[in-house]
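Okay, thanks everyone for squeezing me in. I'd like to walk you through the pockets first and then one strand that I keep coming back to. Let me put it up on the screen.

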Amino acid sequence: MSERLQKLIATAGYGSRRWAERLIEQGRVEVNNKTASIGDKAEITDKVKIDGRKIDLARYSEEETKVIILNKQAGVICSNKDEEGRKSVYDLLPKESRWVMVGRLDLNTSGLLLFTNNGDLANKLMHPSSEIDREYAVRVLGQVENEDLKKLTEGIELEDGFAKFNRVTFGGGEGANRWYKVVLKEGRKREVRRLWEALGFKVSRLIRVRFGEIRLPENLKANQYDYLKPGQVNQLLRAVKLK
């Protein structure tokens, strides 16, 4: 059965569907020796190449969906390659599959990162239409007033558009630094930091503690990973209507 080319590439674990779409738009994908276009369909038996290299669309077609949870340490990058030779999250993962990351964390942010061998699942979890909760623990420098919290939940105009937290709750602390728990339903670049900075506050520490119903386990040490249990994987699949 033929399916959208970008979906087949994602399901085979080569990257997210959006990543595959960009490659197709750039003319870097061929199907049966013809340059592919957005909207093209293919079958897993077709001869597909990315940048001239043949890929195997069928390699994960029968593989069970797996999801890894990683407790990223601040200072570890989320890119595959780095000219400065810094440690990457991909250096910490098992080599049994080609893992697709579900949403990035910036260099100085720590906490929960999910990876899956199912590119379609990764794409749907990241897509704004899925409205998956992301919860962060934030340590903020400065005196936060009720009016500030109101602005953060009602919304602030950032350089890339309107943004807000769906929920902000006080998490403790004394003196100049206070902890807050914030929840939002999208993952724009540095969005949590930029919302606080828009009101003049400095984020001194940022930890992602939850993605959807998946929480960062207290016993998962920094830069260590674990596999989600089958019930948790099914929970994610159901959340984006893949099961």
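So, the largest pocket first: 46 residues line it, and the ones nearest its centre are Cys78, Tyr90, Met101, Gly103 and Arg104. Which elements give two or more residues to that lining? You've got helix 2 (17-25) and helix 5 (191-198), plus three strands: strand 8 (100-102), strand 10 (134-141) and strand 15 (202-211). One thing to keep in mind as you look: this is a predicted model.

How much space are we talking about in the largest pocket? About 1600 Å³. As for the chemistry of the lining of the largest pocket, we have 20 nonpolar residues, 17 charged and 9 polar.

Now the second largest pocket. That one holds about 230 Å³ of space. It has 14 lining residues, and closest to its centre sit Asn71, Ser110, Arg205, Ile207 and Leu216. By class, the lining of the second largest pocket splits into 6 nonpolar, 4 polar and 4 charged.

Where do those residues come from? Strand 7, strand 9 and strand 15 each put in at least two, and strand 15 gives the most, with 3 residues.

And why does the second largest pocket lie between domain 2 and domain 3? Because both of them give residues to its lining: domain 2 is 67-129 + 214-240, and domain 3 is 133-211.

Okay, on to strand 7, which covers residues 67-72. Is strand 7 mostly covered or mostly open? Mostly covered: 6 of its 6 residues are buried. Go face by face and you'll see Val67, Ile69 and Asn71 on one side, with Ile68, Leu70 and Lys72 on the other, all of them buried. Yes, that list of buried residues includes the lysine, Lys72.

So what does strand 7 pair with? One partner is strand 9 (residues 110-116), antiparallel, over 6 bridges. If you want a spot to click on, Asn71 is opposite Leu112 in strand 9. And Asn71 is one of the residues closest to the centre of the second largest pocket.

Another partner is strand 17, residues 225-227, which also runs antiparallel to strand 7, with 3 bridges joining them. There, Ile69 has Asp226 as its bridge partner.

To pull that together: strand 7 is buried on both faces, pairs with strand 9 and strand 17, and still supplies at least two residues to the lining of the second largest pocket. That's me done, so over to you.

Methods:
Residues are numbered from 1 along each chain as its sequence is written. This is a predicted model: local features need pLDDT of at least 70, side-chain atom pairs count only at pLDDT 80 or more; totals for chains, interfaces and linings use all residues. Side-chain values use heavy atoms; hydrogens and water are left out. Buried means under 20% relative accessible area, exposed over 50%, partly exposed in between (1.4 Å probe, protein chains only). Helices (H or I, at least four residues) and strands (E, at least two) are DSSP runs, numbered from the N terminus. Two strands pair if DSSP finds at least two bridges between them. On a 1 Å grid over the protein atoms alone, a cavity is a set of points where a 1.4 Å probe fits but cannot get out, and a pocket is an open set with protein on both sides within 12 Å along at least five of seven lines; lining residues have an atom within 4 Å of a point. Grid points are joined across faces, edges and corners, and a volume is the space filled by probe spheres set on the points. Ala, Val, Leu, Ile, Met, Phe, Trp, Tyr, Cys and Pro count as nonpolar, Asp, Glu, Lys and Arg as charged, and the others, Gly among them, as polar. Domain bounds come from an automatic or database domain assignment.
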